[in-house]
Amino acid sequence: MMDLDLKVFKSPDELYAKAALALVRKLGEISEYRAQVQLGLSGGSVATKMLPKVADVMDSHPEAWQNWSPVNVWMVDERYVEFDSPDRSDSIIERELTSKFPIFNLHRPGTPSSTKSVEKAAEEYGQEMVDTYSTVRPIDPRSVALDVAILGMGPDGHFASLFPSHETLRHTGLITYEKDSPKPPPERISMTVPLLRRSRLSWFIISGGDKASVFAHALQGADFREVPAATMNQVGTTWWSDEEAASQIDRLI
C-alpha cells in the first residue's frame, strides 16, 4: 500500500482554516512557474465552509496574492439549474471569491435557459476548458489537467457528482452529466474520473462522523464502483480530515 498523505485536525473549524491557509500558499507557489493557474472547486462544505476562510486569509494578507498569475476557477461539479437557484454552487464561489478578488476567473457551466439540455451544457463546458487551455496552440483534451482540485466526499463515498454504481464512473473525456442523482436536484454536470485523476494535486476535505466508515474504506482500497473516492487514492492526493471523520481509519489500515 502506498504511503498516505493524511492530515487530521481536532475540529471541522480547524480543518477548514488550515486547508484554506494552505490553499492560498499553494496557489502562490504555483503562480511562480505558471502563467495561469487552473483550480477546480467542489460545492458542498468546500464552498460553504472553506471558501469564506480562504477569503478571510486573502483579505488579511493582500500581499500574498497581488503578484499571483490569473487563477481560472472550474466547477468540479455543478447542479443543472438556473444561476439564481439556491442549489447552484458557483454562486457561493462568486460571492466569496471572484466578486472580491479579481485574480480569480470563474468558469460556469450552462443552465437550462442557456443550453438545450444537460448533455449540451456538459459538452460546452468541456469545450470551454479546451479553449481556455489552448492559449498558444490547440491542445489534445487528454492533456487538460487541473493544477489543484479541491474535493469533498459524501457519506456514500461519492465525490464530484460521481455516485456509486453509476455509469458516469466509466465516462471518459473531460465533462460528463448525471440525469438521476441520488441527491436532488437530479441533473448535474461533473468532471470525469480521468480528468480528476490527472490533477497535479488533489485535496479531499472531509469532516463528520457520518463519513468515518466510508472514508476508512476509501483509504483501504475499496472498489471505486462502490466507493468512488477510492479511485483518487493515488500519488498527489492529500486527505484533509477532522478527528470524527478519521475515527475508523486505524481499524482498517
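**Notebook: helix H3 and some loops**

I began with helix H3 (residues 90–98), where I found that Asp-90, Ile-92, Ile-93, Glu-96, Leu-97 and Thr-98 are buried, buried meaning under 20% relative accessible area, exposed over 50% and partly exposed in between (1.4 Å probe, protein chains only). These residues cover an arc of only 155° around the axis, which puts them on the same side of H3; the arc is that of the directions from the helix axis to the C-beta atoms. I noted beside this that an α-helix has 3.6 residues a turn, so residues three or four places apart point the same way. I then looked up what covers the buried residues of H3, and the cover includes strand E2 (37–41), helix H2 (44–60), strand E3 (71–75), strand E4 (77–79) and strand E5 (104–107).

Before going on I wrote down that this is a predicted model, in which local features need pLDDT of at least 70 and side-chain atom pairs count only at pLDDT 80 or more, while totals for chains, interfaces and linings use all residues. Residues are numbered from 1 along each chain as its sequence is written, and side-chain values use heavy atoms, with hydrogens and water left out.

**The whole chain**

I counted 7 helices and 10 strands in the chain, where helices (H or I, at least four residues) and strands (E, at least two) are DSSP runs numbered from the N terminus. With 253 residues, a compact globule would have a radius of gyration near 18 Å, and the chain agrees with this at 17 Å; the radius is taken over C-alpha atoms, and the globule rule is 2.2 Å times the number of residues to the power 0.38. Along the principal axes, the C-alpha atoms fill a box of roughly 50 × 45 × 35 Å, and 54% of the 253 residues count as buried. When I took the contacts (heavy atoms within 4.5 Å) between residues at least 6 apart in sequence, 76% of them joined residues at least 24 apart.

**Loops with unusual angles**

I next looked up a cis peptide bond, which joins Pro-184 and Pro-185 with omega at about -5°. Pro-185 is found in the loop between strand E7 (175–178) and strand E8 (188–191).

In the loop between strand E6 (148–151) and E7 I checked Ala-160, which has a positive phi of about 50° although it is not a glycine. Ala-160 is buried, with a relative accessible area of 8%. Ser-165 is also found in the loop between E6 and E7, and it has a positive phi of about 70° although it is not a glycine. Ser-165, however, is exposed, with a relative accessible area of 59%.

**Around Tyr-133 and Ile-139**

My last entry concerns Tyr-133, which lies in helix H4 and is buried, with a relative accessible area of 15%. Leaving aside its neighbours within four places in sequence, I found Tyr-133 in contact with Gln-38, Trp-74, Ile-139, Val-144, Ala-145 and Leu-146. The C-alpha atoms of Tyr-133 and Val-144 are separated by 7.0 Å, and these residues are 11 apart along the chain.

Ile-139 lies in the loop between helix H4 (118–133) and E6, and at 24% relative accessibility it counts as partly exposed. With neighbours within four places in sequence again left aside, Ile-139 is in contact with Val-130, Tyr-133, Ser-134 and Val-144.
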